[in-house]
Amino acid sequence: MRLSARVKNLAARHMLSVERRNARREKAEKARKAAGAPHVVEYFHQTDDPYSHLLVQLLPEFMRRYDVELRCHVVSPPDDAAAPDRPRLEAYARQDAARLAPRLGLSFSDPGAQPDAARIAAAKAALLQANEHGEFLRAAPEIGAALWFGGSLPEIGTVPDLSAGDARRDELGHYLGGMLYYAGEWYWGPDRLHYLESRLRDLGAARDEAPSALIYPPPVVPAGTAAAAPETAPVLHWYLSFRSPYTGIVADRVKALADAYGAELKLRFVLPMVMRGMTIPRHKGRYIPSDTAREAERLGVAFGNACDPVGKPVERGYAILPRAIELGRGFEFVRSFLSGVWSEGIDAGSDSGLKRLTERAGLSWDEMKPLLGGDHWREEAEANQEEMFSYSIWGVPSFRVGDVATWGQDRLWVIEDALAGMTGRQGGT
């Protein structure tokens, strides 16, 4: 392993260690008990964020179940560095929240556009005022509904000042809205609420009357009942990047989903964001791997012994991938590469490392090695990226069946629902 790769590997293993995380949790709990302090959860609400609107509707139930003190903050949207393709991000968030709402028993539909600036400012002012008077949880769902669906909002005299909430979020180390923070860890939207619930239950913070079921347990995918293959197999497009931690933990589930519904799995590789000239802010660069590690642990997927393949290692892998696909070994190579760089500490930038990843995928290193250094793969990567963008998706892993596209390893249930509808099988959870 090259020295630079070894340094990255050691840093990743330290940062993503489950033992380190558990030790931090124990230390935080000892400090809380020693101080005689309550369990304090902080919530960061972004006024024009659909996920914040969903989460704030769940927080009253959360408070009924857990003996915690909730401190609420109104915050600004992430800056351009953290949201470099804002129009696509906003469009996707509205669409995704509209899909998620029925699963949560909530109401949200995509109005087709963000609220205008004046109405957002009025809603911010109303939220700040409600928070000052201890009425945030009661008022926020009503204010959000008015903002998104044309209700009346109060007139404002001054521009709302969100600097206090923004400063607190930055101090604690994040960049998004719709986030909960408890004792050193972040929990995003309804999708990660179950982690906070489980942690509080382990600490004895659940009230006696709290139901045993979680507010929103994560869906199990694939959940459908396998049947005979359809006459015309649907195509499951998987937009992936070798440098994406979330992509690194989803390969087996994507394949299982395709197999369960008799779908053809089509591999659509794209360049990582940072290799497209985007800057990844420090807070984002720390949160994504740590959240991936938490998801991997829950799913029983190895992760954390990582050797970041950014740059040449990704390019070397992409030089081989098209030929691997032609030979019918594309998935095997993708799985081998992702597992190698995200859970086995293999340096794909070295010939010895890449040879190992190649040969265990059933490919000849002697045939693949001459492909390294070529640009033959770039046109395909760019075409895949443009198609992904056309569905208002700008990140990976993303997935598409027909005209149904979704983003995130935790959104495979959207694809399962689409496959179930196309094949006439029982699906979904």
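Here is an informal walk through a helix crossing, a sheet and a few backbone oddities in this structure, which is a predicted model.

**Helix 8 against helix 10**

Start with helix 8 (residues 189–202) and helix 10 (residues 282–299), whose axes come within 12 Å and cross at roughly 65°. Angles of 65 to 115 degrees count as roughly perpendicular, so helix 8 is roughly perpendicular to helix 10. As for handedness, the crossing of helix 8 and helix 10 is left-handed.

Who does the touching? Helix 8 brings Arg 192, His 194 and Tyr 195, and these meet Tyr 287, Asp 291, Arg 294, Glu 295 and Arg 298 of helix 10. Sort the residues of that contact by type and you get five charged, two nonpolar and one polar.

Asp 410 has a hand in this neighbourhood too, as it touches Arg 192 and Glu 295, along with Trp 188 and Asp 191, leaving aside residues up to four places away in sequence. With Arg 192 there is a polar contact, side chain to side chain, at 3.0 Å. Asp 410 itself sits in the loop between strand 8 (404–407) and helix 16 (412–423).

**The four-stranded sheet**

Strand 8 leads us to an open sheet of four strands, ordered 6-5-7-8 with mixed pairing. Strand 6 (264–269) and strand 8 are the edge strands, each pairing on one side only. From one strand to the next, the twist averages 20°.

Strand 7 (residues 398–401) and strand 8 run antiparallel and are joined by four bridges. One bridge to look up pairs Ser 398 with Trp 407 in strand 8. Helix 11 (residues 312–326) packs on the sheet, where it touches strand 5 (235–240) and strand 6, and its direction makes about 155° with that of strand 6.

**Backbone oddities**

Two peptide bonds are worth a look for their cis geometry:

| Cis peptide bond | Omega | Where the proline sits |
|---|---|---|
| Val 221 to Pro 222 | near -5° | loop between helix 8 and strand 5 |
| Val 396 to Pro 397 | near 0° | loop between helix 15 (378–390) and strand 7 |

Both loops link back to elements met above: the loop with Pro 222 lies between helix 8 and strand 5, and the loop with Pro 397 lies between helix 15 and strand 7.

Which residue other than glycine has a positive phi near 45°? That would be Ala 183, found in the loop between strand 3 (179–182) and strand 4 (185–188).

Technical notes
Residues are numbered from 1 along each chain as its sequence is written. This is a predicted model: local features need pLDDT of at least 70, side-chain atom pairs count only at pLDDT 80 or more; totals for chains, interfaces and linings use all residues. Side-chain values use heavy atoms; hydrogens and water are left out. Axes are lines fitted to C-alpha atoms, for helices over the stretch in contact, and angles run from 0 to 180 degrees between N-to-C directions. Helices (H or I, at least four residues) and strands (E, at least two) are DSSP runs, numbered from the N terminus. Angles under 35 degrees count as roughly parallel, over 145 as roughly antiparallel, 65 to 115 as roughly perpendicular and the rest as oblique. A crossing is left-handed if the near helix is turned anticlockwise from the far one by less than a right angle, and right-handed if clockwise. Contact means heavy atoms within 4.5 Å. Ala, Val, Leu, Ile, Met, Phe, Trp, Tyr, Cys and Pro count as nonpolar, Asp, Glu, Lys and Arg as charged, and the others, Gly among them, as polar. A polar contact is a pair of N or O atoms within 3.5 Å; within protein, one must be able to donate a hydrogen and the other to accept it, and residues adjacent in sequence count only if both atoms are side-chain atoms. Two strands pair if DSSP finds at least two bridges between them.
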